Amino acid sequence: MQNLTKEHFEPISVDLRQAEAIKRPSLSFWSDVWRRLRMNKIAMISMIFIAALIVCAIVVPWLTPQDYFTTDLAGKNKKPSAEHWFGTDDLGRDVFERIWYGARISLQVGLAAAFIDLIIGVIWGGIAGFYGGRVDEMMMRFADILFAIPYLLVVILLMVVLEPGVGTIILALTITGWIGMARIVRGQILQLKNQEFVLAARSLGADANRLIFKHLIPNALGPIIVTLSLTVPSAIFAESFLSFIGLGVSAPIASWGTMSNEGLPAMKYYPWRLTFPAIFISVTILAFNLFGDGLRDAVDPRLRK
């Protein structure tokens, strides 16, 4: 037997920094995304503005004494004041109150259209990318045919068949709006489906549904979330544009687009009637786009350190 000397029992010196590195778990992907997103001041300001907009759209109409539809011809076209912060319109309705009801409409359309696009696009793109071949060819060619139809034409046809309103706008936007999401998901699935973890799950007996929705889609969440964040401002702009040209919500429902349409003829004499809804449309769309750009940079694996 080998003789044990004193050296065998001497403690092994370990670098404390190495020990802390071993002890401290590495940041997860989403923790790393949140860390990089917080470093982007513009994206964080945009996110705070969006959160404040959502809260105000829910809370403010309940707190203000006026409502968005009651007319007061004696107080029409009043300038912004302590009583009416954003002034009144040609029927004496409070513009401040109507702005926040318009925010409800715009956010409802934007978030609902984005959610429906997410559901349809993820399912369609996931199936097409996973199976490939003839299935992929047929599904994506059908998507290309729908994408070639202008959404404005779809809206006009739906307005003729259905009753104009928020539901009709959401339906018109989602008929072709999910195609962009489907293409993103398909491209991600094509890149991931031959990776080792998918082959391992397949060898363990996982079926197609489990491979798509338990393994592939979760690993493609980064581009999906970014695309989702950029879909919302597109839907908000589409709703405002359709309401502006008279194809969206109808009076007396307040919408930023209808308020801009009503304020445009009076721009020379009563500029606040157009200025405030135009500012909210522009700033909201800008905030969503800036937040989407920051989120895209945060989830880009090429920027990870």
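**Figure 1. Helix α11 and the largest cavity.** The biggest contribution to the lining of the largest cavity comes from α11, which supplies 3 residues. Everything shown here and in the views that follow belongs to a predicted model. The structure has 1 cavity of 30 Å³ or more, and the largest cavity holds about 60 Å³ of space. Its lining is made up of D89, V95, R98, M259, E262, G263 and R273. Two elements, α4 (95-131) and α11 (256-263), each give two or more residues to that lining. What kinds of residue line the largest cavity? Sorted by type, the lining has 4 charged residues, 2 nonpolar and 1 polar.

**Figure 2. Helix α11 and its cover.** Here's a look at how α11 sits among its neighbours. Of the 8 residues in α11, 6 are buried, so the helix is largely enclosed by the rest of the structure. Which residues of α11 are the buried ones? They are W256, G257, T258, M259, S260 and G263. The cover over these buried residues includes α3 (41-63), α4, α10 and α12 (272-299). Two of the buried residues, M259 and G263, also turn up in the lining of the largest cavity.

**Figure 3. S240 in helix α10.** Zoom in on α10 and you'll find S240 in this helix. Is S240 buried or exposed? With a relative accessible area of 4%, S240 is buried, because anything under 20% counts that way. Leaving out residues up to four places away in sequence, S240 touches S106, W256, G257 and I281. Two of these partners, W256 and G257, are among the buried residues of α11.

**Figure 4. T284 in helix α12.** This close-up moves to α12, the home of T284. T284 has a relative accessibility of 0%, so it counts as buried. Which residues does T284 contact, once neighbours within four places in sequence are set aside? The answer is F49, L53, I236 and W256. W256 is worth picking out in this view, as it's one of the residues S240 touches too.

**Figure 5. A57 in helix α3.** A57 is part of α3. Its relative accessibility is 3%, so A57 counts as buried. How far apart are A57 and R104 in space, C-alpha to C-alpha? The two C-alpha atoms are 5.6 Å apart, although 47 residues separate A57 and R104 in sequence. R104 is one of the residues A57 touches, along with W100, A103 and L107, when residues up to four places away in sequence aren't counted.

**Figure 6. The two faces of helix α6.** Here the helix of interest is α6, which runs over residues 151-161 and has V154, V155, L158 and M159 buried. Looking down the axis of α6, the buried residues fall within an arc of 135°, so they line one face of the helix. What does the face turned away from the buried side carry? That face has the exposed residues L157, V160 and V161. As for what's on the other side of the packing, the buried residues of α6 sit against α7 (166-192) and α10 (221-244).

**Figure 7. The largest pocket.** This view shows the largest pocket, with about 420 Å³ of space in it. The pocket is lined by 19 residues, and the closest to its centre are D117, L173, T176, G177 and S234. Elements giving two or more residues to the lining are α4, α7 and α10. Which element gives the largest share of this lining? That's α10, with 7 residues. By type, the pocket lining divides into 12 nonpolar residues, 6 polar and just 1 charged.

**Figure 8. The whole chain, for orientation.** Finally, step back to see where the close-ups belong. The protein chain has 12 helices and 0 strands. Of its 305 residues, 42% count as buried. Among contacts with a separation of 6 or more, 70% come from residues 24 or more positions apart. The chain exposes about 17700 Å², and carbon and sulfur atoms supply 66% of that area.

Technical notes
Residues numbered from 1 in each chain as written. Predicted model: local features only at pLDDT ≥ 70, side-chain atom pairs only at ≥ 80, totals over all residues. Heavy atoms only, no water. Buried < 20%, exposed > 50% of the residue type's maximum accessible area, 1.4 Å probe, protein only. Helix = DSSP H or I, 4+ residues; strand = E, 2+ residues; numbered from the N terminus. Arc of directions from axis to C-beta. Contact = heavy atoms within 4.5 Å. Areas by Shrake-Rupley, 256 points an atom, 1.4 Å probe, with all protein chains shown as cover. 1 Å grid on protein atoms, 1.4 Å probe; cavity = no way out; pocket = protein on both sides within 12 Å on 5 of 7 lines; lining within 4 Å. Points joined across faces, edges and corners; volume = space filled by probe spheres on them. Nonpolar A, V, L, I, M, F, W, Y, C, P; charged D, E, K, R; others polar.
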